[in-house]
Amino acid sequence: MGAGLMQLADLYIQDSAGAEVSKSGASTTCASSPANEGVEMAIDGNPYTKFLCSVAQTTLTVTFTAPSSVAAYDIMTANDYPERDPSSWTFTCTTANDGPGGTAVALGAVTNFDAPT
């Protein structure tokens, strides 16, 4: 990640029927984001807003409205400063039945991704 920052316009998560999974919230380990570019912007469905984190490596946690299966996900990068776009990530799910600190299952990992310009 360039400039020690990370940005993300939107995270889309689909179920096995290809429908967008309903999300109830998002949280992050990022300690600092501008007020108008907080973590909730990563799941607001608006590609013209973005989540901006003051550090290049952070965890983004999304909570679903109801238990859901996950079949696919897509990341939309922000419309400026491509050096801030994610280039490596791990997509992980944890079931609610596991409770806090439950068992996490990595569903995919990407390294050295060249984001579109």
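**Exercise 1.** In this predicted model, find which residue forms a salt bridge with Asp-80, and work out which parts of the chain the pair ties together.

*Solution.* Start with the contact: Asp-80 pairs with Lys-50, and their closest N and O atoms sit 2.9 Å apart. That falls inside the 4 Å cut-off, so the pair counts as a salt bridge. Next, place the two partners. Asp-80 is in the loop between β6 and β7, while Lys-50 is in the loop between β3 (23-28) and β4, so the bridge ties together parts 30 residues apart in sequence. Now check exposure: Asp-80 is partly exposed at 25% relative accessibility, but Lys-50, at 9%, is buried because the limit for that is under 20%.

**Exercise 2.** How many salt bridges does the whole structure hold?

*Solution.* The search turns up two. You've already met Asp-80 with Lys-50. Glu-20 and Lys-23 also meet through their side chains, at 2.4 Å from N to O. Glu-20 is partly exposed, with 39% relative accessibility.

**Exercise 3.** Is Asn-79 buried or exposed?

*Solution.* First locate Asn-79: it's in the loop between β6 (72-76) and β7 (89-94). Then take its relative accessible area, 63%; exposed means over 50%, so Asn-79 is exposed.

**Exercise 4.** Which residues make up the largest nonpolar core, and which elements give two or more of them?

*Solution.* Seven residues do the job: Met-6, Leu-8, Cys-30, Val-39, Ala-42, Phe-51 and Cys-53. Sort them by element, and β1 (6-8) and β4 (51-53) each give two or more. Apart from this core lies another, of six residues, including Leu-11, Ile-13, Val-21 and Phe-91.

Note on methods: Residues numbered from 1 in each chain as written. Predicted model: local features only at pLDDT ≥ 70, side-chain atom pairs only at ≥ 80, totals over all residues. Heavy atoms only, no water. Helix = DSSP H or I, 4+ residues; strand = E, 2+ residues; numbered from the N terminus. Buried < 20%, exposed > 50% of the residue type's maximum accessible area, 1.4 Å probe, protein only. Core = buried A, V, L, I, M, F, W, Y, C linked by side-chain atoms within 4.5 Å.
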